[in-house]
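Thanks for sharing this one. Here are a few friendly notes on the charged side chains and how they pair up.

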Amino acid sequence: MTSEQIETSSYDKFNAKSYLTRNYRARPDGIPDSPEDWLPWLLKNLKDTFAGGELSGERLLDVGTGPAIHNLISAARHFPNITCAEFCQENREEVERWIHGEEDAFDWDPFIKYVCGLEGEDDWEARKEALRDAIQHVVFCDVRDKNPLGAMNGGPYDVVSSIFTLCGAAKDKADFDEIVLNVGSLVKPGGTLILVCDLEATQYSDGDITYPHTFLEASYIRQAVRNSGFTDVEDDILDFRSTEGRPGLNWNGTGYIYLTARRCSE
Ligand SMILES: C[S@@+](CC[C@H](N)C(=O)[O-])C[C@H]1O[C@@H](n2cnc3c(N)ncnc32)[C@H](O)[C@@H]1O
């Protein structure tokens with residue numbers, strides 16, 4: 001499929017501002033406010049992945065960035081050349097607004113302070129500027145395309161991350177396999193893939209629009225990643241099943257998976 005032939009999806013109507021205000025708040029104590037503390041779980045995993053010092057290189061690609069930059073705070077400490085790739089123009093514009101410090105940009109300061117706290121770093125303002133400098137490109141992508149970046153594909157990346165994007169973009173499991181292959185092809189041999197997905201969800205609703213999700217078990221996701229040429233697959237699961245319902249999450253899954261894998265050398 002070429003970019004011109006890409007089908008529309010419910011994400012054509014994605015509302016960046018309402019997504020941000022609904023999902024990305026901090027409590028008065030500075031801790032990100034999220035059901036079951038999924039945000040602290042995610043940000044700690046990202047911090048650990050990058051702080052481990054095992055990821056080498058300079059270029060990082062985030063696929064399906066949405067209007068949000070919080071997933072890149074730890075990465076920017078080590079990767080000075082970051083590309084944000086995203087399907088919706090409105091989301092790309094929201095990221096650009098933050099990079100340029102525009103007045104109506106979303107306020108990510110509480111998240112930057114929080115991650116700096118996790119990392120034992122005092123100068124959060126310097127980190128904010130470093131993140132702004134590190135995000136060098138904000139580009140269109142469609143993970144359903146064999147070449148998701150189209151003409152913007154400047155060769156494989158040292159690290160590719162994709163957070164809460166692929167299960168919403170896939171129509172079914174076979175489609176998910178294709179999408180993992182497409183996104184995986186953007187990782188250098190020896191490079192790292194970071195994938196965060198919903199588990200066993202069939203939909204997410206923001207109150208106005210319902211976004212269908214592909215029902216994926218953790219075992220299925222791990223195998224799809226291995227089948228796409230990756231090894232050293234490791235993951236951490238945040239399981240919501242033991243909790244009473246999922247307050248605030250208009251979503252019907254059972255948990256989240258944070259997965260890292262290394263692309264096999266050719
Ligand atoms: C739930 S949001 C996640 C955004 C961000 N990564 C975060 O953690 O908040 C899913 C994102 O995937 C993007 N998306 C949906 N379909 C896509 C596609 N086919 N190719 C690339 N991105 C897509 C949406 O526009 C949206 O920004």
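1. The count of salt bridges comes to 19. Please keep in mind while reading that this is a predicted model.

2. A good pair to start with is aspartate 109 and lysine 128, whose side chains meet in a salt bridge at 2.8 Å, N to O. The two partners belong to distant parts of the chain, 19 residues apart: aspartate 109 sits in helix α4 (residues 109–119) and lysine 128 in helix α5 (residues 124–134). Are they buried or exposed? Aspartate 109 is buried because its relative accessible area of 17% falls under the 20% cut-off. Lysine 128, at 14% relative accessibility, is also counted as buried.

3. Next, have a look at aspartate 142 and arginine 144, which form a salt bridge with their closest N and O atoms 2.8 Å apart. Aspartate 142 has 2% relative accessibility and counts as buried. Its partner, arginine 144, is buried as well, with a relative accessible area of 18%.

4. Aspartate 235 and arginine 222 make another salt bridge through their side chains, at 2.6 Å from N to O. Aspartate 235 lies in strand β10 (residues 230–239) and arginine 222 in helix α8 (residues 218–227), so this pair ties together parts 13 residues apart in sequence. Aspartate 235 is partly exposed, with a relative accessible area of 29%, and arginine 222 is partly exposed at 23%.

5. Finally, which residues are linked in a network of salt bridges? They are Arg77, Glu119, Glu121 and Arg127.

Terms used:
Residues numbered from 1 in each chain as written. Predicted model: local features only at pLDDT ≥ 70, side-chain atom pairs only at ≥ 80, totals over all residues. Heavy atoms only, no water. Salt bridge = Lys/Arg side-chain N within 4 Å of Asp/Glu carboxyl O. Helix = DSSP H or I, 4+ residues; strand = E, 2+ residues; numbered from the N terminus. Buried < 20%, exposed > 50% of the residue type's maximum accessible area, 1.4 Å probe, protein only.
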